[in-house]
Amino acid sequence: VSLHTGLLTLETEGSAHVIDLTEGVVRVVAAAGVAHAVCSVFVGGSTAAITTMEYEPGGVADLRTLLSRLVPEVPEAGAYAHNTLNRDDNAHAHLRASLIGPSLTVPVVRGELALGTWQQIVLIDFDDRPRRREVHVQIVA
Amino acid sequence: VSLHTGLLTLETEGSAHVIDLTEGVVRVVAAAGVAHAVCSVFVGGSTAAITTMEYEPGGVADLRTLLSRLVPEVPEAGAYAHNTLNRDDNAHAHLRASLIGPSLTVPVVRGELALGTWQQIVLIDFDDRPRRREVHVQIVA
Amino acid sequence: VSLHTGLLTLETEGSAHVIDLTEGVVRVVAAAGVAHAVCSVFVGGSTAAITTMEYEPGGVADLRTLLSRLVPEVPEAGAYAHNTLNRDDNAHAHLRASLIGPSLTVPVVRGELALGTWQQIVLIDFDDRPRRREVHVQIVA
């Protein structure tokens, strides 16, 4: 087997900051120098998530609005148990991250990620403050 | 390492068309001829998703209804920024696809996918028109 | 290639029972004895899901409340088609499982899972009765 790895370190603003990781992942794929492979992307931490989207200002705004509506910062009634029990403020961030999930796999075909034309790999940091995030990229060829 | 790959090409109707991919994935697994492996399934494009479900008419109808309610085609107030900024109509499709995600991994055990008895691998095409979709199946053994 | 596998068997209570799998996955990683690898985790069945979260009582309660609100056991109007067509009661469990998904990949770095400090791997069993679940852990190194 050959396992190639890369680590992307990102400074986020938190508060559902969406960051396009595609260029960083492409660099790890290029460094691996493989034609066909499976590429896994993972973010450590329980308040951030990885998914794909068309990374453009409208889509980014819509995704943030959607998650604010589905999983509001403050629930309509009562309070989040995570915040109450732990004297914390980021329960919404935990919930959003669990819903979307921290991992993704993308094929590498003829040396390139098999993403759609308008499809980018993104990190979403839901935490309520700026964070340094480590994203692991692993290429199995 | 051995990496076996297969490509499933599907003509969808869009509009949250749910297609059972299991038989196609099983064919790729069989062609690989491996006993134990990790099988990755990925759809290219930012308006389609991959997940698993019991593929039967009731469950398919419920999933479509759920996503129409959680991420409506037209928001209750205002408009999606993606549609406004890009003169487009499929913002809801982008959002639903990002929520569910484009990838899945399933184990191969003694030559067979380790799915539950009532668990199928499905592609959901959320776009607002028929599309040709390419689903990559990769077997690492 | 080296593919190491482990099977975790769990008795759940159903009804959105959240079980921390991290220790079980760590045991499979340790038994594999590899430094760098991709670890895939998958649950068989269409009414259970795998994700990550900070596994503490508040977060567990919040996640259960969130999913009860987003995907209620009984819809506000009408009934779930899955239940009506199949004389069943667990349509909500199917929907929640499809939304979150049955699989996850986590990197192994210097012999350890690259999880965040407060990030655990969890199984959520959404079914409406106790179940025995099999979780497949696969290590590709």
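Let me begin with the interface of chain B and chain C, where the rule finds 12 residue pairs in polar contact, both partners being at pLDDT 80 or more; please keep in mind throughout that this is a predicted model. On the chain B side, the elements that give two or more residues to the surface touching chain C are strand S3 (37–43), strand S4 (48–53), helix H2 (57–70), helix H4 (91–100) and strand S5 (103–109). Of these, H2(B) gives the most, with 10 residues. If we sort the residues of that side of chain B by character, they divide into 22 nonpolar, 9 polar and 4 charged.

As for the extent of the interface, 35 residues of chain B are in contact with 29 residues of chain C, and the two chains bury about 2,300 Å² between them, with 63% of that area on carbon and sulfur atoms. Salt bridges are a separate matter, since here the rule finds 0 of them across the interface of chain B and chain C.

Now let me turn to a single residue of chain C. Thr51(C) lies in strand S4 of chain C, which covers residues 48–53, and with a relative accessible area of 2% it counts as buried, because that value is under 20%. A polar atom of the Thr51(C) side chain lies 2.8 Å from the backbone oxygen of Ser98(A). Leaving aside neighbours within four places in sequence, Thr51(C) is in contact with Ser98(A), Gly101(A) and Pro102(A) in chain A, and, within chain C, with Ile100(C), Leu104(C), Gln120(C), Ile121(C), Val122(C) and Ile124(C).

Definitions and conventions: Residues are numbered from 1 along each chain as its sequence is written. Chains are lettered from A and ligands numbered from 1 in the order in which they are written. This is a predicted model: local features need pLDDT of at least 70, side-chain atom pairs count only at pLDDT 80 or more; totals for chains, interfaces and linings use all residues. Side-chain values use heavy atoms; hydrogens and water are left out. Helices (H or I, at least four residues) and strands (E, at least two) are DSSP runs, numbered from the N terminus. Buried means under 20% relative accessible area, exposed over 50%, partly exposed in between (1.4 Å probe, protein chains only). A polar contact is a pair of N or O atoms within 3.5 Å; within protein, one must be able to donate a hydrogen and the other to accept it, and residues adjacent in sequence count only if both atoms are side-chain atoms. Contact means heavy atoms within 4.5 Å. Buried area is the accessible area (1.4 Å probe) that two parts lose on being put together, summed over both. A salt bridge is a side-chain nitrogen of Lys or Arg within 4 Å of a carboxyl oxygen of Asp or Glu. Ala, Val, Leu, Ile, Met, Phe, Trp, Tyr, Cys and Pro count as nonpolar, Asp, Glu, Lys and Arg as charged, and the others, Gly among them, as polar.
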